[in-house]
Amino acid sequence: MAGGVEEVVTERNKKVLLKKYVTGFVEETDMEVVTNDNVRLEVPHGSKGVLVKNLYLSCDPYMRGLMSKLNEPTYIETFEPGSVIRGFGVSRVLESEHPDFKAGEYVWGITGWEEYSLITDTKRLFKVPFTDVPLSYFTGLLGMPGFTAYVGFYEICSPKKGEYVFISAASGAVGQLVGQFAKLMGCYVVGTAGSDEKVELLKTKFGFDDAFNYKKEKSLGAALKRCFPEGIDIYFENVGGAMLDAALLNMRDNGRISACGMISQYNLEKLEGVHYLVRVITKRLLMKGFNIADHFHLYPKFLEMIMPHIMKGEITYLEDRAEGIENAPAALIGLFKGTNVGKQLVVVAQE
C-alpha cells in the first residue's frame, strides 16, 4: 500500500493467439506464441469474474472448426484472429468475485491458452470435486472427453450386454473410454486406429476384443465384415467420411450410431459425401449427433458411475503430455496427424 493505493501485481503471461482464419489443413504458422505480454493479477470489482492460473490445457479436435470464418453461427463462439485460443483446461483460482468460486480452489472448464486467464463467462466453469486423483484427469478422463464418452455411449446408444460395438479413433481421448465402458457392460468391442502401435494398445491395454489399422486396409467395409460377421449394433462415430460409409454397410437392424465427431472432415475445404445413408431407413437405424454442453446436468451421474471403476483399477487411461505452452500449437496439430497416443494435453504449470 503506497499513499492509500493498493499496488496491483503484474505477471508475464505467455499465450497462444490465432494469427489468421484457417482454410484447409491447420498449421503451426496459423498460431502465434506471445511471450512478452503481461497480465494484471486482479479481478475487476463487481464483475463476478474469476482469475485463474492455468495448469493443464486440453487439445481437442473440435477446436479446428473454431479457427475458420463460418458463414453461419455455431453452438460455440469461434476464435477471432489476434485473440487468445480457448479450450478446456484445469486451473487454480487466484482471485474471485464470483460467489461459487474461492481463491485456492481448482476448477476445470473453458479457459484461455495462456498462463493466466480472467474468466468472466463462468457458465462452462466447474469446481474440481476432489483432488485424490491426478488433476490432469479433468482434461480427459474426468473432464469433457470422459463425460462425452459417457453421454454418447450410455445416454444415446442405450447399450445392452452382448451387443457388438465398433469405435473409430478408438485410441483417442474419447474412444479409449467408450471401449472400456462397453467391455464393462459385457459387449463385444472392436476399434480402429491409424498405427500398429495404437492397435496393439487397444487389444492389450484397453481390453478390446479386436482392432485394426485402417491405413493398412484395402477396404474398410471388408475389414468391418471380417471383425463383425454378424454386423454392428452400436457405432461410436469419431471419424466420418469413408469410415461412416463402411459402418453403415455393416450395421444390424435397429442399430444405433452416436455421432460424436468427424475428424476426417475438419480440415477439408470440400466435405466428403456419404453414400449409404439409405441404410438408416432399410436397417431402421438411429443416428444421433450430440453437443456435450446440453448434458452437463448429468455430470454428477457420470462421476457416480465412473469413480468406483477408477478406484478399483478397472479403467485404464493414457495421457500424451506436451510440456510448456509454447508447444501447444504442435500438440493440437498432432491430433490431425495421429501423432498422439491417448489424451493429448499441454502442461502449463506443475502444482
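This briefing covers model confidence, one helix pair, one mostly covered helix and three residues with positive phi. The structure is a predicted model, with an average pLDDT of 90 for the protein. Helices α1 and α2 cross obliquely, and helix α8 is mostly covered.

**Confidence**

- Of the residues in the protein, 96% reach a pLDDT of at least 70.
- Strand β10, residues 164–167, has the highest confidence, at 97, whereas strand β4, residues 38–40, has the lowest, at a mean of 85.
- Where pLDDT is low, predicted coordinates should not be read in detail.

**The α1–α2 helix pair**

- A pair of packed helices is described by the angle and the distance between the two axes.
- Helix α1 spans residues 144–157 and helix α2 spans residues 175–184; their axes come within 9 Å and cross at roughly 50°.
- Angles under 35 degrees count as roughly parallel and those from 65 to 115 as roughly perpendicular; α1 and α2 are therefore oblique to each other.
- The crossing of these two helices, α1 and α2, is right-handed.
- On the α1 side, the contact is made by Gly146, Ala149, Tyr150, Phe153 and Tyr154; on the α2 side, Leu177, Val178, Phe181 and Ala182 take part.
- By class, the residues of this contact comprise 8 nonpolar and 1 polar, with no charged residue.
- An α-helix has 3.6 residues a turn, so residues three or four places apart point the same way.

**Helix α8 and its surroundings**

- Helix α8 covers residues 328–337, and 8 of its 10 residues are buried.
- The buried set consists of Ala328, Pro329, Ala331, Leu332, Ile333, Gly334, Leu335 and Phe336.
- These buried residues of α8 pack against four strands: β2 (15–18), β3 (31–34), β16 (319–323) and β17 (343–347).
- Just after α8 comes glycine 338, which adopts a positive phi of about 75°.

**Positive phi at residues other than glycine**

- Lysine 48 is not a glycine, yet has a positive phi of about 60°.
- The position of lysine 48 is in the loop between β4 and β5 (50–58).
- Arginine 284, also not a glycine, has a positive phi of about 55°.
- The loop that holds arginine 284 runs between α6 (278–282) and β15 (286–289).
- With a relative accessible area of 47%, arginine 284 is partly exposed, because that class lies between the buried limit of under 20% and the exposed limit of over 50%.

Methods
Residues are numbered from 1 along each chain as its sequence is written. This is a predicted model: local features need pLDDT of at least 70, side-chain atom pairs count only at pLDDT 80 or more; totals for chains, interfaces and linings use all residues. Side-chain values use heavy atoms; hydrogens and water are left out. Axes are lines fitted to C-alpha atoms, for helices over the stretch in contact, and angles run from 0 to 180 degrees between N-to-C directions. Angles under 35 degrees count as roughly parallel, over 145 as roughly antiparallel, 65 to 115 as roughly perpendicular and the rest as oblique. A crossing is left-handed if the near helix is turned anticlockwise from the far one by less than a right angle, and right-handed if clockwise. Contact means heavy atoms within 4.5 Å. Ala, Val, Leu, Ile, Met, Phe, Trp, Tyr, Cys and Pro count as nonpolar, Asp, Glu, Lys and Arg as charged, and the others, Gly among them, as polar. pLDDT is the predictor's confidence in each residue, from 0 to 100. Buried means under 20% relative accessible area, exposed over 50%, partly exposed in between (1.4 Å probe, protein chains only).
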